[in-house]
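Welcome, and please open your viewer before reading on. We will go stop by stop, with something to select at each one.

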Amino acid sequence: MSEQKTRVEALEAEGEIAADYLEELLDIADLDGDLDMDVEGDRAAVSIIGADLSQLVGRDGEVLEALQELTRLAVLRETGERSRLMLDVSGFRARRREVLEAQGAAAVEEAKRSGEKVRLEPMTPFERKVVHDVVAAAGLTSESEGVEPRRYVVIRPE
């Protein structure tokens with residue numbers, strides 16, 4: 001068996017553990033939601049899809065971030081390994097990714113045009129990763145500065 005297949009199987013197992021944990025949580029909270037599991041790149045991805053799950057997202061995704069960390073801890077408890085699992089609820093992260101990609105592209109253009117560093121507002125680790133990916137794809141460099149929860153991305157013109 002190839003190493004790649006073994007890694008995908010491990011990520012699929014993480015997704016299964018996470019889905020079981022989340023199903024129990026939805027039952028306890030008496031919430032209706034369907035679970036979708038996938039492997040995206042080098043991490044397991046689980047989405048909860050339902051009519052009104054806004055309470056699982058919270059203001060600016062704060063509840064979603066906490067729920068993701070709890071789910072990662074559940075995976076750690078079962079596997080003994082730290083998980084990089086990504087959780088989405090009702091497409092919140094997917095929509096946020098689109099906004100961040102546009103924001104990152106605009107900041108890249110500003111850095112190229114002005115020749116100056118561009119600092120973005122504080123973001124979660126997920127949000128910073130999206131912006132770093134956009135910057136790298138545009139051929140510029142970026143880094144995170146500051147201290148959580150006020151870490152932000154700085155884009156450097158080349």
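Start with the charged side chains: the mean positions of the 21 positive and 36 negative charges of the protein lie 9 Å apart. Keep in mind as you look around that this is a predicted model.

**The whole chain**

Now show the cartoon. You should find four helices and six strands, and reading from the N terminus they come in the order α-β-β-α-β-α-β-α-β-β. Along the principal axes, the C-alpha atoms fill a box of roughly 50 × 40 × 25 Å. Switch on the surface next: about 9,400 Å² is accessible, and 50% of that belongs to carbon and sulfur atoms. Of the 158 residues, 34% count as buried. If you draw contacts between residues at least 6 apart in sequence, 56% of them join residues at least 24 apart.

**First stop: D36**

Select D36, which sits in strand β1 (residues 34-40). Is D36 buried, exposed or partly exposed? Its relative accessible area is 42%, so D36 is partly exposed. Leaving aside residues up to four places away in sequence, D36 touches A45, V46, S47 and I49. Add A19 to the selection as well: A19 is 17 residues from D36 along the chain, and their C-alpha atoms are separated by 8.2 Å.

**Second stop: a nonpolar patch**

Move to helix α2 (residues 62-79) and pick out L70. With a relative accessible area of 43%, L70 is partly exposed. Now add L73 and L76; together with L70 they form a nonpolar patch on the surface, with about 260 Å² of accessible area between them.

**Third stop: salt bridges**

Side chains of opposite charge can pair when their charged atoms come close. How many salt bridges does a search of the whole structure find? The search finds 12, and we will visit a few.

Select R59, D60 and E62, which are linked in a network of salt bridges. Within this group, the side chains of R59 and E62 meet at 3.7 Å, N to O. R59 counts as exposed at 59% relative accessibility, while E62 counts as partly exposed at 46%.

Next, select E148 and R128. Their salt bridge brings the closest N and O atoms to 2.8 Å apart. E148 lies in the loop between β5 (141-145) and β6 (152-156) and R128 in helix α4 (residues 125-137), so this pair ties together parts that are 20 residues apart in sequence. Which label fits R128, buried or exposed? R128 counts as buried, at 7% relative accessibility. Its partner E148 is partly exposed, with a relative accessible area of 40%.

For the last pair, select E143 and R156. They form a salt bridge whose closest N and O atoms are 2.6 Å apart. What does this bridge tie together? E143 is in strand β5 and R156 in strand β6, so the pair joins parts that are 13 residues apart in sequence. Color both by accessibility: E143 counts as partly exposed at 32%, and R156 is also partly exposed, with a relative accessible area of 22%.

Technical notes: Residues numbered from 1 in each chain as written. Predicted model: local features only at pLDDT ≥ 70, side-chain atom pairs only at ≥ 80, totals over all residues. Heavy atoms only, no water. Patch = residues over 30% accessible without salt bridge, like charges linked within 9 Å, V, L, I, M, F, W, Y side chains within 5 Å. Areas by Shrake-Rupley, 256 points an atom, 1.4 Å probe, with all protein chains shown as cover. Salt bridge = Lys/Arg side-chain N within 4 Å of Asp/Glu carboxyl O. Helix = DSSP H or I, 4+ residues; strand = E, 2+ residues; numbered from the N terminus. Buried < 20%, exposed > 50% of the residue type's maximum accessible area, 1.4 Å probe, protein only. Contact = heavy atoms within 4.5 Å. Lys, Arg positive; Asp, Glu negative; His and termini not counted. Charge placed at Lys NZ, Arg CZ, Asp CG, Glu CD.
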